[in-house]
Amino acid sequence: MSRHISSVLDIQKGAEKWTVLAQVVHRGHNQLTREVPPRRIMRFLLTDTEGTKVSVVTYEQHIKIFSKFLQPYQRYYVSNAIVVPVDPTYKVGSYECSWILNYKTLIENYAEPVPPMLPCIFELTNFSDLHKYADSDNLCNIRGFVIHAFPVKQVDPDCTSRDIIIVNEEKKLMLMTLWNEFEHDEGSKIAYMISTAPLIIALRVKVTTFNTLSFTTRYSSGILINSPLPDDLSFKQWFTLNKEEIRNLLDAKTYSDANCLLPPPNEEDIKAISTFQALFLVQKTAWVQGTVKLAYGFTKYWITACVNCHKIVNADIDWIIHCPSCKQQSEVELRALE
């Protein structure tokens, strides 16, 4: 008797003896959990043929078993995983559950010459809206072409990073910092193929005010490289048509230009100070309107800062320093107080 193939939404907590035809959207790193004592963990993101996404996890000795399967963008029959309520950090879409793979879970290859396009969609944040999420706990999903990869930085003996430059359809260039395993795995792949300007989707990245406005990976982040999505072809055609203009924006270093990253706001984005204070627990930055007054006796109108990352330093402007923030040799410049 043939098996019934269910959809993800059919599989609720306590479900038994079920099978879903699932496609791998993202394959995470082999990481340690933040609990005490820590456990080895590996996360996956799957989707069914209807485009419903589900967060999947496996632990410890099971990682070796399932890491042989579940390769990016391939399809598999998944049967009888443990169904539990989803961790809000990893919730994707409307599905309220996640799956745990253990020794009872059955994973079977789905034989096909070429897997189909991913049927799922992602909720993406426009670069022009990123200032609303800066330095908050609200993580974002973004998509863009990587047009430059900087060299790896050895921050300390156990920590490395790599900066990359991403451009989206708004023709906005943004800096993104990949840390540790993201630098080692995805960063190395991106750097190797940088001449082709790989298209990435970065999931659950943090927006920071470092270098005015930029992205950074977090423990929970994920990066898809050249994922097979239906609208990617038109996006790639757009990139080809605008390649020369994008190159000029890169040469102009607009990814570190405050006038490009934070242009004058729309009227609806300007908040009263009292309104912003009420929202501070969920929104850490905002455009506000008011009158600037200097405090009595305050006469200093400038600061000295690193010319690369604008970190305030107590140094003369003719010094060459090794910046403690960006870890680069840098000149010191005068900057107006903001």
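A salt bridge, as I shall use the term, is a side-chain nitrogen of Lys or Arg within 4 Å of a carboxyl oxygen of Asp or Glu. Asp163 and Lys153 satisfy that criterion, since their closest N and O atoms are 3.2 Å apart. Please bear in mind throughout that this is a predicted model.

Let me stay with that pair for a moment. Asp163 belongs to strand β10 and Lys153 to strand β9, which spans residues 153–156, so the salt bridge ties together parts that are ten residues apart in sequence. Asp163 has a relative accessibility of 8% and therefore counts as buried, the cut-off for that class being under 20%.

In total, the structure holds ten salt bridges. A second one that I wish to show joins the side chains of Arg143 and Asp232, at 3.3 Å from N to O. Here Arg143 sits in strand β8, while Asp232 is in helix α3, residues 232–241; the pair therefore connects parts that are 89 residues apart in sequence. Both Arg143 and Asp232 are buried. Asp231 also enters the picture, as Arg143, Asp231 and Asp232 are linked in a network of salt bridges.

The third example is between Glu333 and Arg335, whose closest N and O atoms are 3.2 Å apart. Glu333, at 22% relative accessibility, counts as partly exposed. Arg335 is likewise partly exposed, with a relative accessible area of 23%.

I turn now to helix α2, which runs over residues 181–192. This helix has twelve residues and reaches 16 Å from its first C-alpha to its last, close to the 16 Å expected at 1.5 Å a residue.

Which residues of α2 are buried? They are Phe182, Glu183, Glu186, Gly187 and Ile190. Viewed down the axis of α2, these buried residues fall within an arc of 120°, so they line one face of the helix. The spacing is worth recalling here: an α-helix has 3.6 residues a turn, so residues three or four places apart point the same way. On the other side of α2, His184, Lys189 and Tyr192 are exposed.

Against what do the buried residues of α2 pack, and where are those elements in the sequence? The partners are β1 (19–32), β8 (140–149), β10 (159–167), β11 (173–179), β12 (199–208) and β14 (222–225).

Two of these strands have already appeared in this talk. Strand β8 carries Arg143, and strand β10 carries Asp163. Both β8 and β10 are thus among the elements that the buried residues of α2 pack against.

Terms used. Residues are numbered from 1 along each chain as its sequence is written. This is a predicted model: local features need pLDDT of at least 70, side-chain atom pairs count only at pLDDT 80 or more; totals for chains, interfaces and linings use all residues. Side-chain values use heavy atoms; hydrogens and water are left out. Helices (H or I, at least four residues) and strands (E, at least two) are DSSP runs, numbered from the N terminus. The expected span of a helix is 1.5 Å times one less than its number of residues. Buried means under 20% relative accessible area, exposed over 50%, partly exposed in between (1.4 Å probe, protein chains only). The arc is that of the directions from the helix axis to the C-beta atoms. Contact means heavy atoms within 4.5 Å.
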